[in-house]
Amino acid sequence: MYPKELKYTKTHEWTRENEGFITVGITSFAAEELSDIVYVGLPSEGGKVEKGSSFATLESVKAVSDVYSPVSGEIHEVNHRLLEHPELLNKDPYGEGWIINIIPVEKGGLNDLMNAQKYEKFVEEEKGK
Amino acid sequence: MLRKRRENEPYALTFSQLNEVKTARKEWRLIPFGAYGPSLNMAIDEAIFRLMAENNIPPTLRLYTWNPPALSIGYFQDTESALIKEYLKRGYPLVRRPTGGLAVLHQDEISYSMIGVFAGDGFPANRQEAYRKAHESIRKALNDLGFEVNLYQGKKPGYKDDFCSSSCVVYDIILRSKGKIGGSAQRTSREVLLQHGCFSLPEEVDRDYLREKVVENFEKIFQIKLKRQELTDAELSLSEKLVKEKYERWEWNYKGKFTFLRGINRG
């Protein structure tokens, strides 16, 4: 159900490691929970992100929520298309709905994240709350 | 063996059991009513929201009003909108909220904010439940005063212009003779929800009595006990800081949706 090659946070972000870069987006579960996302606030390229702190904001049905960074590093690239097309976060969260690309300050920063199977279990627990 | 209770027979709860039921109600904090300027109103709500989890503060309800009357706009809203400009020309001060949604003119109305950790101490477990229950409490209070009020049940949000009063989402507060009179907006962090909203007053009402009814119905609907308590010193000093560094600043209040997020405090 959740892509096997990705790793996941407890705050429902997904991460993909590729040639030293880490791409981050929100999971399909988060997108469904939020429902129609109408605005996205993005950080600047070249800026810094810190592990566990908010780097973007989303608005859906009058609610503003944060997106948290799973690692510390420098923001290499930002998906600016989301500003005009926030619906990509709902339609294609693991593809065209990616949010940022980070150059992490240290290697192995994703080791403590969940794999797809663990994340699925985690989501089931969250739903039961 | 248990037998079935006969009609009209009192429920067999002893006094001590009754007391247990009463004390099982979680206690929330009620911030005393006050009228404040737009930047301080938003700063207080954000300060409570930011400090709640780390300072272990119980869920909080705050009723307030705006002096002077002011225009509040959503976190992402564009101040270049013709309708918003029209209100600014009329001299209303403007503040950008930390929450989503559309513009609201705060005049002849009661505002509220409700802040809590999701699913803690009787606080709702999700955003929609919070929206429904808070509005149900307000609906019942207005009902108690004899007004015919319902919650909007439409599935699809209706949108007309940049003002909150002209668009409807599910559970918005509808006065039969007038249409939408109340709505709310939200902000979430990992575990905390800030929900604030307002409802306009239908004709002449005893405002003190209406506020009492709102408090009473929040207690009933959420199954809680509200205890009057002032803001903490930490909340007060963070509010003052947020007024100066955020809610009184032109950069926060006026910059458009795509630019104001770059560089300055994202809230």
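pLDDT is the predictor's confidence in each residue, on a scale from 0 to 100. I start my notebook with that term, since this is a predicted model.

**Entry 1: How confident is the model?**

I looked up the scores for the whole model and noted an ipTM of 0.89 and a pTM of 0.88. For chain B, I found a mean pLDDT of 87, with 85% of its residues at 70 or more. Then I asked myself which elements of chain B have the lowest and the highest mean pLDDT. Helix 1 (residues 15–24) of chain B has the lowest, 62, while strand 2 (residues 60–66) of chain B has the highest, 98.

I also looked for a weak stretch. Over residues 257–267 of chain B, pLDDT stays under 50, and the model has 20 contacts there beyond four places in sequence. A reminder to myself: where pLDDT is low, the predicted coordinates should not be read in detail.

**Entry 2: The sheets**

I turned to chain A and found six strands in an open sheet, in the order 1-2-3-9-8-5, with antiparallel pairing. Its edge strands are strand 1 (7–8) and strand 5 (48–49) of chain A, and each of these pairs on one side only. Inside this sheet I followed one pairing: strand 8 (residues 73–78) of chain A runs antiparallel to strand 9 (residues 100–104) of chain A, and five bridges join them. Here I could pick out A:I75, which stands opposite A:I102 in strand 9 of chain A.

Chain B gave me an open sheet of three strands, in the order 4-3-5, with mixed pairing. Why is one side of strand 4 (94–96) and of strand 5 (104–106) of chain B left without a neighbour in the sheet? Both stand at the edges with a single partner strand each, so one side of each has no neighbour there. From one strand to the next, the twist averages 25°. Strand 3 of chain B pairs with strand 5 of chain B over three bridges, in the antiparallel sense. I found B:S72 opposite B:V104 in strand 5 of chain B.

**Entry 3: Two helix pairs in chain B**

A note before I begin: two packed helices are described by the angle between their axes and the distance between the axes.

My first pair was helix 2 (residues 38–55) and helix 6 (residues 233–247) of chain B, which pack at about 130° with their axes 8 Å apart. Are they parallel or oblique? Angles over 115 and up to 145 degrees fall in the oblique class, and therefore helix 2 and helix 6 of chain B are oblique to each other. Their crossing is right-handed. Among the residues that meet, I noted B:L40, B:A43, B:A47 and B:L51 in helix 2 of chain B, and B:L238, B:L242 and B:Y247 in helix 6 of chain B. By class, the residues of this contact are twelve nonpolar, three polar and three charged.

My second pair was helix 4 (residues 127–144) and helix 5 (residues 207–222) of chain B, with an angle of about 135° and axes 8 Å apart. These helices are therefore oblique to each other too. The crossing of helix 4 and helix 5 of chain B is right-handed. The residues in contact include B:E136, B:K140 and B:D144 of helix 4 of chain B, along with B:L210, B:F218 and B:F222 of helix 5 of chain B. I wrote down seven nonpolar, two polar and five charged residues for this contact.

**Entry 4: Where the chains meet**

How many residues does each chain bring to the contact? Chain A gives 16 and chain B gives 21. On the side of chain A that touches chain B, strand 4 (37–41), strand 6 (54–60) and strand 7 (63–68) of chain A are the elements that give two or more residues. Strand 7 of chain A has the largest share, four residues. I sorted this side of chain A into six nonpolar, six polar and four charged residues.

Strand 7 of chain A also runs parallel to strand 9 (residues 179–188) of chain B, and two bridges join them. A:A63 stands opposite B:Q186 in strand 9 of chain B.

**Entry 5: Two backbone oddities**

Most residues other than glycine have a negative phi, and most peptide bonds are trans. I found an exception to each.

A:H12 has a positive phi, near 70°, and lies in the loop between strand 1 and strand 2 (13–18) of chain A. The peptide bond from B:N67 to B:P68 is cis, with omega near 5°. I located B:P68 in the loop between strand 2 and strand 3 (70–73) of chain B.

Definitions and conventions: Residues numbered from 1 in each chain as written. Chains lettered and ligands numbered in written order. Predicted model: local features only at pLDDT ≥ 70, side-chain atom pairs only at ≥ 80, totals over all residues. Axes fitted to C-alpha atoms, helices over the stretch in contact; angles between N-to-C directions. Parallel < 35°, antiparallel > 145°, perpendicular 65-115°, else oblique. Left-handed = near helix turned anticlockwise from the far one by under 90°. Contact = placed C-beta atoms within 7 Å. Nonpolar A, V, L, I, M, F, W, Y, C, P; charged D, E, K, R; others polar. Pairing = 2+ DSSP bridges.
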